[in-house]
Amino acid sequence: MVEVQHVTKIYKLNKKQMEEQKAKNNMKVAVKNVSVTAHEGEIFGILGPNGAGKTTLLRCVSTLLDPTEGTILVNGHDTVKEGEAVRRSIAFLTNEVKMDAHFSPKYLFRFFGRLYGIPDDVISMRQKELFEYFNITEFEDKRVEELSTGMKQKVSIAVSLVHDPSIVIFDEPTNGLDIITARAVTDYLKLLKERGKLVIISTHIMPEAQKLCDRMAMIIQGSCVFQGTLEEALQGTHAEDLEDAFFELYRKTMEVES
Ligand SMILES: Nc1ncnc2c1ncn2[C@@H]1O[C@H](COP(=O)(O)OP(=O)(O)O)[C@@H](O)[C@H]1O
Ligand SMILES: [Mg+2]
């Protein structure tokens, strides 16, 4: 279970960032007093336009950033005070693939598995399953630098799941993927959910969220403006689909702002 309690994240901007973001002062409130709870056995969506604060929030949950205010508990462990315990139960995936180009998928999988202290026979078993699922087996001995972007992304996903985490956090899971790989990824997320894992994704693609997510939080300019199921989002906005519901929430939020 992931419990985000009144989390605020403020970035301090340098001069260059202030100019780029046309900021009036050097404080950027990226996430504003957000509270959300997500449970095992569901796909939970963090939805919102670019710049809403989705990545910032997910980085806080994954212990890559400390919240400025508030608390996050992952299976009861505090992300700031018990980072190590939190990292053992989560995988944080993004589409920025960072893998050493000289090594093969097989080598990398084993290397990271051993870092987690997983016995070799268990690593082999997980490797077989994940490599077969993502069709990596046929190029498992090639160097990463020889692989296409789609292949690299699949390898990076497989390697991130080596420790069989109970919580999988995926920032913009299908962004930049070709249609076949994207489907393989979303199908795998559903499989993880069926196995009782908690999957948290961020996306700005509302039709994708509508198809995938059991519950969702809508983030606009750092604030959570809605949390609930698809049905609740539609009922509350009298919308026919999630995209319309999003624009209705967006319109209301901007009305209050202006
Ligand atoms: N490292 C950083 N330093 C300063 N500002 C940042 C940093 N990362 C993100 N921001 C700003 O915080 C806001 C939220 O960004 P982000 O969390 O990446 O949003 P999203 O993932 O929803 O597109 C944006 O205005 C962005 O420019
Ligand atoms: Mg982002």
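The following exercises, each with a worked solution, concern a predicted model.

Residues are numbered from 1 along each chain as its sequence is written, while chains are lettered from A and ligands numbered from 1 in the order in which they are written. In this predicted model, local features need pLDDT of at least 70 and side-chain atom pairs count only at pLDDT 80 or more, whereas totals for chains, interfaces and linings use all residues.

**Exercise 1. The ligand shell**

Determine how many residues surround ligand 1, and which element gives the most to the shell.

Solution. A residue is near a molecule or strand if its C-beta atom, placed from the backbone, lies within 6 Å of it. By this criterion, 14 residues surround ligand 1, and the closest are Tyr11, Ala30, Lys54, Thr55 and Thr56. Two elements give two or more residues to this shell: strand S2 (27-38) and helix H2 (54-61). Helices (H or I, at least four residues) and strands (E, at least two) are DSSP runs, numbered from the N terminus. H2 gives the most, with three residues.

Next, sort the shell by class. Ala, Val, Leu, Ile, Met, Phe, Trp, Tyr, Cys and Pro count as nonpolar, Asp, Glu, Lys and Arg as charged, and the others, Gly among them, as polar. The shell around ligand 1 then has four nonpolar, eight polar and two charged residues.

**Exercise 2. The buried side of helix H4**

State which residues of helix H4 (residues 105-115) are buried, and how they are arranged about its axis.

Solution. A residue is buried if 20 or more other C-beta atoms lie within 10 Å of its own, exposed if 12 or fewer, and partly exposed in between, with C-beta atoms placed from the backbone. In H4, Pro105, Phe109 and Gly113 are buried. Viewed down the axis of H4, its buried residues fall within an arc of 65° (taken from the directions from the helix axis to the C-beta atoms), so they line one face of the helix. The general rule is that an α-helix has 3.6 residues a turn, so residues three or four places apart point the same way. The cover over the buried residues of H4 includes H5 and H6. Just after H4, Gly117 takes a positive phi of about 75°.

**Exercise 3. The surroundings of strand S8**

Establish how many residues of strand S8 (residues 198-203) are buried, and which strands pair with S8.

Solution. Six of the six residues of S8 are buried, so this strand is largely enclosed by the rest of the structure. Leu198, Ile200 and Ser202 lie on one side, and Val199, Ile201 and Thr203 on the other. Two strands pair if DSSP finds at least two bridges between them. Strand S3 (residues 43-47) pairs with S8 in the parallel sense over five bridges, and Leu47 stands opposite Thr203. Strand S7 (residues 167-171) also runs parallel to S8, joined by five bridges; here Val168 stands opposite Val199.

**Exercise 4. The open sheet**

Give the order of the strands in the four-stranded open sheet, and identify its edge strands.

Solution. The order is S2-S1-S4-S5, with antiparallel pairing. The edge strands are S2 and strand S5 (77-78), each of which pairs on one side only. Strand S1 (residues 2-12) and strand S4 (residues 69-74) run antiparallel and are joined by five bridges. Within this pairing, Leu73 in S4 is the bridge partner of Glu3.

Terms used. Contact = placed C-beta atoms within 7 Å.
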